[in-house]
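Visitor: Please choose one part of this structure and take me through it closely, beginning with how its elements are joined. I should also like to see how that part sits beside the rest of the chain.

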Amino acid sequence: MKKILSIITAAVMSLGLCACGSAGLNGGSQLEVHYIDVGQADSALVICGGETMMIDGGNVADSDVVAAYLKKQDISTLDYVVCSHAHEDHVGGLSGALSVTEAKHVYAPETEATSKAYTNFKKKVSEQGLEIEHPQAGDSFSLGGGTVEFLGPIDEDGKDMNSTSIVLKITYGETSFLFTGDAERDEEEEILDSGADLKSTVLKVGHHGSDTSTSYPFLREIMPQYAVISVGKDNSYGHPTDDTLSRLEDAGAQIYRTDLNGDIVMKSDGKNITVTTSK
């Protein structure tokens, strides 16, 4: 009888541990990453423990899309806004986001553009009484129960604007999400040489799947379980390229694409990630 009770007790304890393991950190909270479908552009919304961050906002024409998405999520405050770099397909729609939310911190590389899209972005930041902050590799901050660490750019001098991209990693429990902007191979090499920990569960693939990004050495350090490509349907650039898709497949990554899957939402409980798509 004692032996039977012991077996039952062990089974109950095991089930209890499994239930705890499936719960999120901090009593059930989760990290949500929304890869917003903005066509041949980039935009993502991160929500964790009541705090929010937006990374890029697509083109100027995507301002209404991004603003509507924020309203749908009932978000009126963005704790952090990140412009990965000054090209329009990343900064353009951030003006829309800043029109419908109150921001607390805004980050961008030092390298600016003279475009109307970037000028409007700077104007919206100024209207909120904020100054654009330029993070350094190694800087970090907390986001809800997660941690955001800047890995790049290492050096912006003389670089193509793509390779001035802010590269950051969000860590939540045992899961992590890497955002690479449009960083090309020269920036990837500098980050590799810095010794940064690139290992990540999810990779937002650099430069919309261009062959000039996501090199084998860079990818070998990341070894993502999932890869997300923000890309427009039938775009004129041929993104994502077959070579990039082949490298991701060789790494064993499960690939999601906004042109095929629409909005992509990944939720982490600190151990496991669930994925839902609008298409």
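**The open sheet and its surroundings**

Guide: In this predicted model, strands β7 and β8 (residues 146-152) run antiparallel and are joined by 4 bridges. One residue pair can be located directly: Phe141 has Val148 in β8 as its bridge partner. In general, the strands of a sheet pair through backbone hydrogen bonds, in either a parallel or an antiparallel manner.

The pair belongs to an open sheet of 7 strands, whose order is β7-β8-β9-β10-β11-β12-β13 and whose pairing is mixed. Its edges are formed by β7 (140-143) and β13 (254-257), each of which pairs on one side only. From one strand to the next, the twist averages 20 degrees. Helix α9 (residues 242-250) packs on this sheet and touches β11 (202-204), β12 (226-229) and β13. The direction of α9 makes about 140 degrees with that of β13.

Now the setting of the sheet. The protein has 10 helices and 15 strands. It comprises 279 residues, of which 53% count as buried. Among its contacts with a separation of 6 or more, 66% are between residues 24 or more positions apart. The protein exposes about 12,500 Å², and carbon and sulfur atoms supply 49% of that area.

Elsewhere in the chain, helix α3 offers a view of burial. Its residues Ser63, Val66, Ala67, Tyr69 and Leu70 are buried. Viewed down the axis of α3, the buried residues fall within an arc of 160 degrees, so they line one face of the helix. As a general matter, an α-helix has 3.6 residues a turn, so residues three or four places apart point the same way. The cover over the buried residues of α3 includes β1 (31-35), β2 (43-48), β3 (51-57), β4 (77-82), α5 (94-100) and β14 (264-268).

On the other side of α3, Asp64, Lys71 and Lys72 are exposed. Lys71 lies in this helix, which spans residues 63-72. Its relative accessible area is 58%, and the cut-off for exposed is over 50%, so Lys71 counts as exposed. The C-alpha atoms of Lys71 and Ala97 are separated by 9.6 Å, although the two residues are 26 residues apart along the chain. After α3 comes Asp74, with a positive phi near 60 degrees.

Technical notes:
Residues are numbered from 1 along each chain as its sequence is written. This is a predicted model: local features need pLDDT of at least 70, side-chain atom pairs count only at pLDDT 80 or more; totals for chains, interfaces and linings use all residues. Side-chain values use heavy atoms; hydrogens and water are left out. Helices (H or I, at least four residues) and strands (E, at least two) are DSSP runs, numbered from the N terminus. Buried means under 20% relative accessible area, exposed over 50%, partly exposed in between (1.4 Å probe, protein chains only). Two strands pair if DSSP finds at least two bridges between them. Axes are lines fitted to C-alpha atoms, for helices over the stretch in contact, and angles run from 0 to 180 degrees between N-to-C directions. Contact means heavy atoms within 4.5 Å. Accessible areas come from the Shrake-Rupley method with a 1.4 Å probe; for residues, only the protein chains shown count as cover. The arc is that of the directions from the helix axis to the C-beta atoms.
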